[in-house]
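Subject: Structure handover

Hello,

Please find the structure we talked about below. My notes on the fold follow it.

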Amino acid sequence: MMDWARSIADRAAWQQATQRLHAGEASLLGLWAEPGFAHMALMHAQAFEVLSFACDANRFPSVGRLHPPAIRLERAIRDLVGLEPEGSPDTRPWLRHGGAYPFLSAQGESLHQIPVGPVHAGIIEPGHFRFTANGETVVRLEARLGYVHKGIDALMAGAPIERAAVLAGRVSGDSTVAFALAFALAVEAALRVEAPPRAIWLRALAAELERLANHLGDIGAVCNDAAFAVMHAQCGLLRERVLRAAHACFGHRLMMDGVIPGGMQRDLPGEGGPLLLALVAHVRKSFPELVELYEDTASLKDRTVGTGILSGELARQFAAGGYVGRASGRDFDARRSPGYAPYDRLQFEVPMVHAGDVNARIWIRIREVEQSIGLVEQILRGLPSGGISIPIATSGSSGNREGLALVEGFRGDILAWVRIGPDGKIARCHLRDPSWFQWPLLEAAIEGNIVADFPLCNKSFNCSYSGHDL
C-alpha cells in the first residue's frame, strides 16, 4: 500500500507547503475541499503527504498565488464548496456558465478572436476554446471547460462503497479501469485490506488493455488530423481488436465495473488467455509496419515535428503526467514510483524524450504500446491461481478511515483520496484526472503555432473533458 503522511496544517505550514511548490521542491498532486476544510496532496522526494487546512470564515491562503497549476483547482473549489482562496490571481467563476465570461485579453495590433465550441463537430465532448490570433498565428488560447460537470464529489458523499465504485468508473469512460483501480486501492488502504493475488494481476491485465486501446486510437487520430487517413483506419482496426478481446475477457468493451474494492468482479474465462496471446501476437506483427509508415511519410512528419512544443520546465512545474510529461522530459510513471503490485514483479521501461512536440507525444505512445504488449504477455505467464475477490468489511469502526492511491492511467497519474465513515459509507472522496494539469499546458503549447494546427496539438494531448470536469 502507498505510504503517505497526514497532517492538519496551520496557516504557516500551509504557506510553507505553497513555498515548496513555488520553489520546485514539491509537486502538486491535488487540491480539493469540503465544507470547512481545504486539502492539498503533495509529492516531494518520492514521499507523499496530504495537508488539511481549517478554513476560518470559509477562507484559505491561495496556493495558486505562487503556484499557477493550482489556480483552476481553486476556482473549482470556490464554485463547488464556497471556500475563498485568499490572494488568488484569478477570481473568475469556473463551473457557472450563466452570464458573460471575461476571457483573458491580449494586446497588440491586428489581433482578432476566434471562438470555437462549446459544441463541436463529430463525437467530442463540449469545451469552449477562445483563440486570439495575428493572422494565422495563435497569440493566446484560453479554454473554458466545466460543461460536463456531473457532481461526482457530491454524489460520492454518503454513498455505499459499491455505489461509489460505480461512480468512480464513470468519471472518464476511456479510463474506467484506471479510475476504478485508483478508487479500489484507496478504499483498500483505508480499510487495511488487500485484494487476492489473482485479482491484482487481473487488474493490471485490464489496465494494460485499456492503455493499448487508447494509445492505438490516439496515434491514428493524431495522424488523421494531419490528413493521413490510412493510419487512422489501420490503428482503428487494431484498437477494435483490443476492445473485442476486452469484451470477451471482462464482459464489457471498456471493461467497466470490472475492478471493484476487494478484487475483481469477473475472472478471466478459460479461452481468455489464448485469445489475448493471439491479440498481442497480431499487434506485435502489424504495428511495426504502421510505425514505419508514420516514420517514412515526410508530409506527415512535416506536420508533427516542431509543432506544439511543450517545454520541459512547464512540464515539471505542472507535474504533467503520462505521454505529455514524458515527451517533454519528465520521467515519472506511477507504476514505478510510488509503484503498486504487480508492477514491482514485471519488467517494463518508461520511455522518455525531450523534444516536447506532437511527434514526441506520438513516439511516447508508440513505445508504450510496445511495452504494454510485453506486459500483457508477462501477466498471462505469471497469473496466479485462486480467488478474485474478498468481502469488504466496512462497519464496526468508531472513527473515520482515510486512504490514498496514485495509479497510472493511459493519460498519466490519477489520484484517489477517500474517507470512510463509521457507518461504512463514503464520507468524502476526491478523484483527480491528469487533465487538470494538462489542459493549461495545451494552451501554452499552441502559442506561436497556426490555428490550423490546433486540432493536431489538441489530439496529441487528448485531455479528458469529463475526467477534468468531474
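The notes below go through a sheet, a hairpin, some helices and a few backbone oddities.

Please keep in mind throughout that this is a predicted model.

The N-terminal sheet

Towards the start of the chain there is an open sheet of 4 strands, in the order E1-E4-E3-E2, with mixed pairing. Its edge strands are E1 (5-9) and E2 (27-34), each of which pairs on one side only. From one strand to the next the twist averages 20 degrees. Within the sheet, E3 (residues 37-44) and E4 (residues 47-54) run antiparallel and are joined by 8 bridges. To find the register by eye, start from His39, whose bridge partner in E4 is Ser52. Helix H1 (residues 11-22) lies across E1, E2, E3 and E4, and runs at about 40 degrees to E3.

The E12-E13 hairpin

Further along, E12 (residues 401-408) pairs with E13 (residues 413-420) in the antiparallel sense, over 8 bridges. The two strands form a hairpin with 4 residues between them. In the turn, Gly412 has a positive phi of about 145 degrees. Ala405 has Ala416 as its bridge partner in E13. E12 is mostly covered, with 7 of its 8 residues buried.

Helix H6

H6 covers residues 197-225, which is 29 residues. From its first C-alpha to its last, H6 reaches 42 Å, close to the 42 Å expected at 1.5 Å a residue. H6 is mostly covered too: 26 of its 29 residues are buried. Just after H6 comes Ala227, which takes a positive phi of about 65 degrees.

Helices H14 and H15

The axes of H14 (residues 439-446) and H15 (residues 454-461) come within 10 Å and cross at roughly 145 degrees. The crossing of H14 past H15 is right-handed. On the H14 side the contact is made by Trp439, Leu441, Leu442, Ala445 and Ile446, and on the H15 side by Phe454, Cys457, Asn458 and Phe461. By type, the residues of this contact divide into 8 nonpolar, 1 polar and no charged.

How enclosed is H14 by the rest of the structure? Largely, because 7 of its 8 residues are buried. The buried residues of H14 are Trp439, Pro440, Leu441, Leu442, Glu443, Ala445 and Ile446. After H14 comes Gly448, with a positive phi near 90 degrees.

Backbone oddities

Most residues other than glycine have a negative phi, and most peptide bonds are trans. The places below depart from that pattern, and you may want to look at them on screen.

Two cis peptide bonds can be found around H12. One runs from Ser337 to Pro338, with omega near 10 degrees. The other joins Ala341 and Pro342, with omega about 5 degrees. Pro338 is found in H12 (residues 335-339), while Pro342 sits in the loop between H12 and H13 (358-382).

Pro338 has a relative accessible area of 30%, so it is classed as partly exposed, the range between the 20% limit for buried and the 50% limit for exposed. Leaving aside neighbours within four places in sequence, Pro338 is in contact with Met2, Phe48 and Leu406. Phe48 falls in the range of E4, and Leu406 in that of E12. The C-alpha atoms of Pro338 and Phe348, 10 residues apart along the chain, are separated by 15 Å.

Two loop residues have a positive phi although neither is a glycine. Met255, with a phi of about 65 degrees, lies in the loop between H7 (229-250) and E10 (259-260). Ala319, with a phi of about 50 degrees, is found in the loop between H10 (312-317) and H11 (322-326).

Are these two residues buried or exposed? Met255 counts as buried because its relative accessibility is 5%, under the 20% cut-off. Ala319 has a relative accessible area of 6%, so it is buried by the same cut-off.

That is what I have on this structure for now.

Best wishes

Technical notes. Residues numbered from 1 in each chain as written. Predicted model: local features only at pLDDT ≥ 70, side-chain atom pairs only at ≥ 80, totals over all residues. Heavy atoms only, no water. Expected span 1.5 Å × (residues − 1). Buried < 20%, exposed > 50% of the residue type's maximum accessible area, 1.4 Å probe, protein only. Axes fitted to C-alpha atoms, helices over the stretch in contact; angles between N-to-C directions. Left-handed = near helix turned anticlockwise from the far one by under 90°. Contact = heavy atoms within 4.5 Å. Nonpolar A, V, L, I, M, F, W, Y, C, P; charged D, E, K, R; others polar. Pairing = 2+ DSSP bridges.
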